[in-house]
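Welcome! Please take a look at the structure below, and then we will walk through a few of its features together.

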Amino acid sequence: MLILLPPSEGKADAPRRGNPLDLDRLTLPVLREARQAVLDDLVKLSADPAGAIETLGLGAGQAGEVERNARLETAPAVPAGKVYTGVLYDALGLGTLDAAAKRRAARQLLVFSGLWGVVGIGDRIPPYRCSIGVRLPSVGPLAAHWRRALAAPLDELAGDELVLDLRSSAYAAMWAPRNAVTVRVLHGGKVVSHFNKATKGRIVRALLTCGARPRTAVRLTETLRELGHRVEELRPGQLDVHVEQL
């Protein structure tokens with residue numbers, strides 16, 4: 001089972017020393033040309049801070065994000081699992097998984113990105129700022145760029161495996177898996193937002209820890225119930241997870 005995650009807007013600070021990005025060592029090297037095009041465009045854009053702030057949808061106080069983008073090709077790179085932060089990744093707690101669960105995470109987790117397309121959690125990347133809603137000067141709308149580039153490689157990678165799709169709608173537009181299950185998180189019958197991310201992070205952690213590899217949505221539902229979640233499958237391909245406490 002593949003598990004698809006969104007990135008986080010906030011990123012951890014990069015270390016001061018370390019080897020820079022190597023595009024050839026990222027998951028799905030076939031995406032190198034598509035990644036290079038976005039990287040070149042973003043670095044070039046970042047040479048004009050005012051223009052980059054507007055294009056990236058940043059505030060005036062976020063000029064440091066543009067400066068960081070300008071150094072992407074030489075900045076120290078760290079595992080993606082340490083770059084992405086925030087509610088979902090805090091709840092997932094990659095750094096505190098046991099060794100077996102970390103190996104499963106390296107095989108099963110794919111993080112979608114406006115800059116890289118997709119990365120595995122062990123892929124070494126520099127922290128960056130570039131959401132999927134951005135339209136770059138040369139590449140154009142990133143969602144369309146990645147839809148073209150990702151379809152064939154990800155279809156081949158996923159095959160007939162079950163895909164647990166926990167991405168936000170903007171990142172879900174990058175690729176449509178054939179055998180996907182999505183998750184809504186509800187409290188009191190209403191969809192929640194902030195705790196949606198925390199619940200999804202806990203679900204991923206529990207699945208990695210127990211080592212479950214369900215092949216169908218029915219078996220995934222049963223597994224989540226065994227792990228203590230209240231789950232309903234209201235229609236094929238969508239699970240509702242009900243939480244009692246926020």
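## Cysteines

Let's start with the sulfur chemistry. Searching the whole structure turns up zero disulfides. Do keep in mind as you read that this is a predicted model.

How accessible are C130 and C210? C130 has a relative accessible area of 4%, so it is buried, since buried means under 20%. C210 is partly exposed because its relative accessibility is 41%, and partly exposed covers values between 20% and 50%.

## The nonpolar core

Now let's look inside. The largest nonpolar core contains 79 residues, and the ones with the most contacts inside it are L5, L109, F112, W116 and I125. Helix α7, which covers residues 142-158, gives this core its largest share, with seven residues. In soluble globular proteins, nonpolar side chains tend to be buried together.

L5 is a good residue to zoom in on. Leaving aside residues up to four places away in sequence, L5 touches L88, Y89, L92, L109, L110, V111, F112, L166, R167 and V204. So you can find two other residues from the top-contact list, L109 and F112, among the neighbours of L5.

## Helix α7

Next, follow the helix that supplies the core's largest share. Helix α7 is built from 17 residues, and the distance from its first C-alpha to its last is 22 Å, close to the 24 Å expected at 1.5 Å a residue. Where does α7 bend? There is a bend of about 45° at L150, and a proline, P153, follows within four residues.

Both L150 and P153 are buried, as are other α7 residues including L142, W146 and L154. After the helix comes G159, which has a positive phi, near 55°.

## Strands around β9

Finally, find strand β9, residues 180-187. Strand β8 (residues 163-165) runs parallel to β9, and three bridges join the two. In this pairing, D165 has T182 of β9 as its bridge partner. Strand β12 (residues 238-242) also runs parallel to β9, joined to it by five bridges. There, L186 is partnered with H242 of β12.

Which way does β9 pair with β10, residues 190-191? These strands pair in the antiparallel sense, over two bridges, and H187 has K190 of β10 as its bridge partner. Together, β9 and β10 make a hairpin with two residues between them. One residue to spot in that turn is G188, with a positive phi of about 60°.

How values were computed. Residues numbered from 1 in each chain as written. Predicted model: local features only at pLDDT ≥ 70, side-chain atom pairs only at ≥ 80, totals over all residues. Heavy atoms only, no water. Core = buried A, V, L, I, M, F, W, Y, C linked by side-chain atoms within 4.5 Å. Buried < 20%, exposed > 50% of the residue type's maximum accessible area, 1.4 Å probe, protein only. Contact = heavy atoms within 4.5 Å. Pairing = 2+ DSSP bridges. Disulfide = S-S within 2.5 Å. Expected span 1.5 Å × (residues − 1). Bend = angle between axes of the 7 residues up to and from the residue.
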